[in-house]
Amino acid sequence: MLLHDTGLIYGRYLRQSLRSRFALLFGVLMPLLYLLFFGPLLTDLPLGGRGSSWQVLVPGLLLQLGLFGASFAGFMIILEKGQGVVERMRVTPVSRLALLLGRVLREATVFVFQAVLLVLAAVAMGLRAPLPGVLIGFAFVALLTVSLASLSYALAMKVATPQEFGPVINALTMPAMLLSGLMLPMTLGPRWLDVLSHLMPFRYLVDAVRDAFVGHYATAHMLYGALVALGLTALSVTVGTRVFRTAGA
């Protein structure tokens, strides 16, 4: 029943996304602008990585796509709450976990699709990376999206208006971007900043994907990145499910 219910919710929201092709393409716009206007500035610069500048930048942009997109996913729940959609779903026998999973899996599907478009654009600009490494990058994007979308939906269930939701998300996503080394490796900065960045879970995902893009799979970065991604996903889905079960009850 869980799989059946999740499939119903996933299909409903995926059809909504497919009907809004403009939103699908617009969501990848910011990483594409970084790729087009920031990427060429890094060409031939010593970035401290083992690959090219594109193998440093593109993994960060992939995770940036998931970070910002999934963090703001909760706006939809706020709108649905105002229209009574959430309450009508909650009075059905559908599993509360399915109500969450169907939504977050839709988000993961959309952002992996956008990640594919981003990588194709990066290849056209000069990125060269092994296919297994690129696929690992997509897997990390999917896990990050599921994690952050779950927390975003949980927060949205607790607030009443977008005016309450937006500032909280902005206050969390900007430090996450700056301290995780999405744009440039944190090892380029002062020692204290590099140490501080290790307190940010996303740092481990960025390092893991960068290793994957240069074909290094059996590394400590890959191990730590996978453990953090899986742990964060499990914790986030658990929190999100509990909120869906209790909020407004």
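## Twelve helices, one cavity, one pocket

The protein's secondary structure comes to 12 helices and zero strands.

Biologist: What makes a stretch a helix here?

Modeller: Helices are DSSP runs of H or I with at least four residues, strands are runs of E with at least two, and both are numbered from the N terminus. From the N terminus on, the elements run α-α-α-α-α-α-α-α-α-α-α-α.

Biologist: What kind of model is this, and how are residues numbered?

Modeller: It is a predicted model: local features need pLDDT of at least 70, side-chain atom pairs count only at pLDDT 80 or more, and totals for chains, interfaces and linings use all residues. Residues are numbered from 1 along each chain as its sequence is written, and side-chain values use heavy atoms, with hydrogens and water left out.

Biologist: Why is the protein called as compact as a globular protein of that length?

Modeller: The globule rule is 2.2 Å times the number of residues to the power 0.38, and the radius of gyration is taken over C-alpha atoms. For 249 residues the rule gives 18 Å, and the protein's radius of gyration is 18 Å, so it is as compact as a globular protein of that length. Along its principal axes the C-alpha trace spans about 60 × 40 × 35 Å.

Biologist: Why is Leu57 called buried, or is it exposed?

Modeller: Buried means under 20% relative accessible area, exposed means over 50%, and partly exposed lies in between (1.4 Å probe, protein chains only). Leu57 has 1% relative accessibility, so it counts as buried. Leu57 is found in helix H4. Across the protein, 48% of the 249 residues count as buried.

Biologist: What does Leu57 touch, beyond its neighbours within four places in sequence?

Modeller: Contact means heavy atoms within 4.5 Å. On that basis Leu57 is in contact with Tyr34, Phe38, Gly39, Leu42, Leu182 and Met183. Ala122 is 65 residues from Leu57 in sequence, with 9.7 Å between their C-alpha atoms.

Biologist: How do you class Arg12, buried or exposed?

Modeller: Neither. Arg12 has a relative accessible area of 29%, so it is partly exposed. Arg12 lies in helix H1. Leaving aside neighbours within four places in sequence, Arg12 is in contact with Glu80, Val85 and Met89. The C-alpha atoms of Arg12 and Arg103 are separated by 9.0 Å, and the two residues are 91 apart along the chain.

Biologist: And what class does Gly51 get?

Modeller: Its relative accessibility is 29%, so Gly51 counts as partly exposed. Gly51 sits in the loop between H3 and H4. Gly51 and Gly126 are 75 residues apart in sequence and 12 Å apart in space, C-alpha to C-alpha.

Biologist: What makes a space a cavity rather than a pocket?

Modeller: On a 1 Å grid over the protein atoms alone, a cavity is a set of points where a 1.4 Å probe fits but cannot get out. A pocket is an open set with protein on both sides within 12 Å along at least five of seven lines. Lining residues have an atom within 4 Å of a point. Grid points are joined across faces, edges and corners, and a volume is the space filled by probe spheres set on the points. The count comes to one cavity of 30 Å³ or more.

Biologist: What lines the largest cavity?

Modeller: Leu63, Leu67, Leu144, Ser180, Leu182, Phe202, Leu205 and Val206. The space is about 40 Å³. H11 gives the most, with three residues.

Biologist: What classes do the residues of that lining fall into?

Modeller: Ala, Val, Leu, Ile, Met, Phe, Trp, Tyr, Cys and Pro count as nonpolar, Asp, Glu, Lys and Arg as charged, and the others, Gly among them, as polar. The cavity lining has seven nonpolar, one polar and no charged residues.

Biologist: How much space lies in the largest pocket, and which residues lie nearest its centre?

Modeller: About 680 Å³. Of its 24 lining residues, Ala23, Gly69, Met76, Glu107 and Phe111 lie nearest the centre. H7 gives the most to the lining, with five residues. By class, the pocket lining divides into 14 nonpolar, seven polar and three charged.
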